[in-house]
Amino acid sequence: MKPTYIPEQGSLPHRVLTWFALNPEEELTFADIARKFDVAVVSNVRPSLQLAINAGLLILFKDEKGQSTLRLGPAFDAWKATAGPKAVVPVRAHGGAQRKAPPPLLDLDAVEVKKGLIGPRNGDNAITLRKQMLALFARLQPDTRIELPLAYQYSIKSALTAYNRANPQKKLGITVDRKAGQVIVNRFV
């Protein structure tokens, strides 16, 4: 059985699963995880682990004190077998490695440099990522799509909601392809 979710090496879910691989009989509360894995805010632990919980790699339950606690889930063995021996190394070996920066959204080599200066428009002195996405969505024609990096998923969803409200006659939809690491925006009509 192949797991439906494989966390990125060095991420919090990966480090927690690696810890459980070395300590399969243990259970951890969100506070334990924050302390062991240097998470600054305990309330950030659950959202970070939610995909692993949804995929069955971890199980969330209430312990005898009523605290939310995690233990190994039914899909854990499939993750361990699929991820291979590289996945199960002592947590200290990661040394707090940070995730790689997301790829740039724009092809900066393709940006045209124009002569002259333009002042702020309506008090707005910067073009935001959201404005760039709205302009990009406007370029889509029926039966076309764009594929953007998964790292921008939430920004894309927010911009798409605003675009669909402003343009109800144009039907744009979103598909998230985690395996390919892409967010796909489709224009249907």
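**Core packing and helix α3**

Colleague: Which residues does F20 touch, beyond its sequence neighbours up to four places away?
Modeller: This is a predicted model: local features need pLDDT of at least 70, side-chain atom pairs count only at pLDDT 80 or more, and totals for chains, interfaces and linings use all residues. Residues are numbered from 1 along each chain as its sequence is written, and side-chain values use heavy atoms, with hydrogens and water left out. Contact means heavy atoms within 4.5 Å. On that basis F20 touches E26, E27, L28, L58, L70, R71, L72 and F76.

Colleague: Which element gives the most to the largest nonpolar core?
Modeller: Such a core is a set of buried Ala, Val, Leu, Ile, Met, Phe, Trp, Tyr and Cys residues joined through side-chain atoms within 4.5 Å. Buried is under 20% relative accessible area, exposed over 50% (1.4 Å probe, protein chains only). The largest has 24 residues, and F20 is among those with the most contacts inside it. α1 (12-22), α2 (30-36), α3 (45-54) and α4 (76-83) each give two or more residues, and the top contributor, with six, is α1.

Colleague: Why do the buried residues of α3 lie on the same side?
Modeller: Helices are DSSP runs (H or I, at least four residues), strands likewise (E, at least two), numbered from the N terminus. In α3 the buried residues are V45, L49, A52 and I53. They share a side because their arc, taken from the directions from the helix axis to the C-beta atoms, is only 100°.

Colleague: Which exposed residues does the opposite face of α3 carry?
Modeller: The buried residues of α3 are covered by elements including α1, α2, β2 (58-62) and β3 (68-72). The face turned away from them carries P47 and N54.
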